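Subject: Structure handover and notes

Hello,

Here is the structure I promised to pass on to you. Please open it alongside this email, and then read on for what I found in it.

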Amino acid sequence: GLIIAAMLLGEGAINEGKNVVQTQSYGIAARGGLSTAELILDTDEIVFQQVQTPDVILALTENAMERFAAFTGKGTLIFFDTTCIADREGINFFGFPFIKLASDLGRPGAANLIALGAIVARTGMIRMDSLIPVVRETFPQSAAANIEALRLGESLVASRSGQEQG
């Protein structure tokens, strides 16, 4: 799910005319091992194709959170799943129950899309209007449900922003 989310985000960025580099690695096991996806988006040419200090991290396991949590001290935003990761406090931590919400939708595999919607809404790194056509094209049979998941993630950030302002 994490790697698909990175690929969708990259395609959306390409739709906006941005340059994109995406790499991925899988842990020892296809399921359960640490998987990572790195994505670089830029309006300029991308010369160095490795992420040194990420702007955003999506952690879907406690192991990933432990590995990457220190980046918040460098200004990195970390989105994480409170369904399976202990809650964290801090200005750069954004915890939401992505897996629980996906299960409530009857689509446990949509947690990555809910997270992606939240990331796009919070960061503005691409427009949601650039991402939705990619989702439609990638998942034509389940496009409506997947777009619903993106919008749910978007609404999580909007409701959190409203709570922080109120």
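Two strands count as paired if DSSP finds at least two bridges between them. With that in mind, Ala59 has Phe80 of β4 as its bridge partner, and Ile57 is matched in the same way with Ile78 of β4. Please keep in mind throughout that this is a predicted model.

**The sheet**

Those bridges belong to an open sheet of 3 strands, ordered β3-β4-β5, with parallel pairing. At its edges are β3 (56-59) and β5 (93-96), each of which pairs on one side only. From one strand to the next, the twist averages 15°. Between β3 and β4 (residues 77-81), the parallel pairing runs over 4 bridges.

How much of β4 is buried? The strand is mostly covered, with 5 of its 5 residues buried. In a regular strand, side chains alternate between the two faces of the sheet. For β4, Leu77, Phe79 and Asp81 are on one side, Ile78 and Phe80 are on the other, and all of them are buried, so both faces of the strand are covered. Helix α4 (residues 111-123) lies across β3, β4 and β5, and runs at about 155° to β4.

**Helix α1 and its two partners**

Next, the helix packing. Two packed helices are described by the angle between their axes and the distance between the axes.

I will take α1 with α4 to begin with. Their axes come within 9 Å and cross at roughly 40°, and the two helices are therefore oblique to each other. The crossing in which α1 passes α4 is right-handed. On the α1 side the contact involves Leu2, Ile4, Ala5, Leu8 and Leu9, which meet Asn112, Leu113, Leu116 and Val120 in α4. By class, the residues of this contact divide into 8 nonpolar, 1 polar and no charged.

Now for the other partner. The axes of α1 (residues 2-15) and α5 (residues 128-138) come within 8 Å, with a crossing angle of roughly 125°. This pair is therefore oblique as well, and α1 passes α5 in a right-handed crossing. Leu8, Leu9, Glu11, Gly12 and Asn15 of α1 make the contact with Ser130, Leu131, Val134, Val135 and Thr138 of α5. Here the classes are 5 nonpolar, 4 polar and 1 charged.

**Two buried asparagines**

Which residues does Asn112 touch, leaving aside its neighbours within four places in sequence? This residue of helix α4 is in contact with Gly1, Leu2, Ile4 and Ala5. Asn112 has a relative accessible area of 8%, and because the cut-off for buried is under 20%, it counts as buried.

Asn146, in helix α6 (residues 143-165), is also buried, with a relative accessible area of 3%. Apart from neighbours within four places in sequence, Asn146 is in contact with Arg107, Leu113, Val135 and Phe139. Two of these names have come up already: Leu113 takes part in the contact of α1 with α4, and Val135 in the contact of α1 with α5.

**Two residues with more exposure to look at**

Arg127 is in the loop between α4 and α5. Is Arg127 buried or exposed? With a relative accessible area of 52%, Arg127 is exposed. Not counting neighbours within four places in sequence, Arg127 is in contact with Glu16 and Val120. Arg127 and Glu16 are 111 residues apart in sequence, yet their C-alpha atoms are 8.4 Å apart in space.

Gln22 is found in strand β1 (residues 19-25) and counts as partly exposed, at 28% relative accessibility. Beyond residues up to four places away in sequence, Gln22 touches Ile3, Ala6, Met7, Ala37, Glu38 and Leu39. If you would like to place Gln22 relative to the sheet described above, take Asp81 of β4 as a marker: the C-alpha atoms of Gln22 and Asp81 are separated by 23 Å, and the two residues are 59 residues apart along the chain.

That is everything I wanted to hand over. Happy browsing!

Best wishes

Key
Residues are numbered from 1 along each chain as its sequence is written. This is a predicted model: local features need pLDDT of at least 70, side-chain atom pairs count only at pLDDT 80 or more; totals for chains, interfaces and linings use all residues. Side-chain values use heavy atoms; hydrogens and water are left out. Axes are lines fitted to C-alpha atoms, for helices over the stretch in contact, and angles run from 0 to 180 degrees between N-to-C directions. Angles under 35 degrees count as roughly parallel, over 145 as roughly antiparallel, 65 to 115 as roughly perpendicular and the rest as oblique. A crossing is left-handed if the near helix is turned anticlockwise from the far one by less than a right angle, and right-handed if clockwise. Contact means heavy atoms within 4.5 Å. Ala, Val, Leu, Ile, Met, Phe, Trp, Tyr, Cys and Pro count as nonpolar, Asp, Glu, Lys and Arg as charged, and the others, Gly among them, as polar. Buried means under 20% relative accessible area, exposed over 50%, partly exposed in between (1.4 Å probe, protein chains only).
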